[in-house]
Amino acid sequence: MRRPVVIGNWKMHGSLKEAAALAAGIKRNLFDLAEVDIAVCPPFPYLLDVRDEIENSPVRLGAQDCYWEPKGAFTGEVSVPMLKDAGCAYVLCGHSERRHVLGESNEWVRKKVAAVLAGGLTPVLCVGEKLDERERWATEHVVREHVEEGMRGLSSQQAQDVVIAYEPVWAIGTGKTATPDQAQEVHAFIRKTLGRLFGEGAAQAIRLQYGGSVKPDNVDDLMSQPDVDGVLVGGASLDVESFTRIAKFRRKT
Ligand code: PEP
């Protein structure tokens, strides 16, 4: 049985004070949630304060991005060892906003995933198609390429330490969620692709999250799909009560 994983991506929102209050509220509500892996990804300058707020709780810290070199003359970048030092357990790699707003390539994303694994943290490899790609029936093509390229060179053992987030770009921050069936269809396709790349055992062990306008009122249906092992949450993770309800999803049998 794959352990569920729920991650909040705070993006570039809020003040330091608001981030600390959000973290404290999440810790208060989720202090005894034992059966789900939970993490929050604040902006870089807030990592240490959020780390202090969530100390001694099941809530883990994540980063929204990283650079693949461990150190050096890379002005403005943050390395995996630095994130580890700051207390991070997870790092988002290739979020669609980085791919499509900041121009990150599959090759960059691959280097980031490899660097995060080498540093002993968990990469969350984000994959997903844009609206025009879905309309051209190119979803599988795009998602296959994101998975194959992002995980190229990994052993089947390493692959099992990656979390993959399927985030259709047309559903991020738009209020449009993929239906549970649409999410399941792509998740099943990703698992099939992973089986071809890393073997059936590894494919069954890798955790797949759905992301894209996940809210308290749609999380239960999404999490009831057999290949949806967790959710990556943007907007709704900025509200303590919404994120709490999402983390306490109820699977329908
Ligand atoms: C995200 O930031 O990864 C995301 C899915 O955002 P939202 O939940 O707001 O669509």
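1. V162 sits in the loop between α8 (156-159) and β6, where helices (H or I, at least four residues) and strands (E, at least two) are DSSP runs numbered from the N terminus. The model is a predicted one, in which local features need pLDDT of at least 70 and side-chain atom pairs count only at pLDDT 80 or more, whereas totals for chains, interfaces and linings use all residues. Residues are numbered from 1 along each chain as its sequence is written, and side-chain values use heavy atoms, with hydrogens and water left out.

2. With a relative accessibility of 1%, V162 counts as buried, a term that stands for under 20% relative accessible area, while exposed stands for over 50% and partly exposed for what lies in between (1.4 Å probe, protein chains only). Once neighbours within four places in sequence are left aside, V162 is in contact with V113, L117, P123, L125, M151, L154, I206 and R207, contact being defined as heavy atoms within 4.5 Å. The C-alpha atoms of V162 and Y90 are 9.7 Å apart in space, although these residues are 72 apart in sequence.

3. Strand β6 (residues 163-166) has V163 and A165 pointing one way and I164 and Y166 the other way, and all of them are buried. β6 pairs in the parallel sense with strand β5 (residues 122-127) over 4 bridges, and β6 likewise pairs with strand β7 (residues 207-211) in the parallel sense over 4 bridges; two strands are said to pair if DSSP finds at least two bridges between them. Among the individual bridges, V127 has Y166 as its partner in β6, and I164 has L208 as its partner in β7.

4. H95 belongs to the loop between β4 (88-93) and α4 (96-100). Which residues does H95 contact, leaving aside its neighbours within four places in sequence? They are N9, K11, C126, E167 and I172. H95 is buried, because its relative accessible area is 4%.

5. H95 also appears in the surroundings of the ligand, where K11, H95, E167, G173 and S213 come nearest of the 14 residues around it; a residue is near a molecule or strand if one of its heavy atoms lies within 4 Å of it. By class, this shell has 4 nonpolar, 8 polar and 2 charged residues, with Ala, Val, Leu, Ile, Met, Phe, Trp, Tyr, Cys and Pro counted as nonpolar, Asp, Glu, Lys and Arg as charged, and the others, Gly among them, as polar.

6. Oxygen atoms of the ligand have polar atoms of the protein beside them: a polar side-chain atom of E167 lies 2.7 Å from a ligand oxygen atom, a polar side-chain atom of N9 lies 3.1 Å from a ligand oxygen atom, and a polar backbone atom of G234 is 2.8 Å from a ligand oxygen atom. On its own the ligand has 290 Å² of accessible area, and the protein covers 97% of it, with areas taken from the Shrake-Rupley method with a 1.4 Å probe.

7. Two loop residues deserve a look at their backbone. N56, in the loop between α2 (47-54) and β3 (59-63), has a phi near 55°, a positive value in a residue other than glycine, and N56 is exposed, with a relative accessible area of 77%. W137, in the loop between α6 (131-135) and α7 (139-150), has a phi near 60°, again a positive value in a residue other than glycine, and W137 counts as exposed because its relative accessibility is 80%.

Methods:
A polar contact is a pair of N or O atoms within 3.5 Å; within protein, one must be able to donate a hydrogen and the other to accept it, and residues adjacent in sequence count only if both atoms are side-chain atoms.
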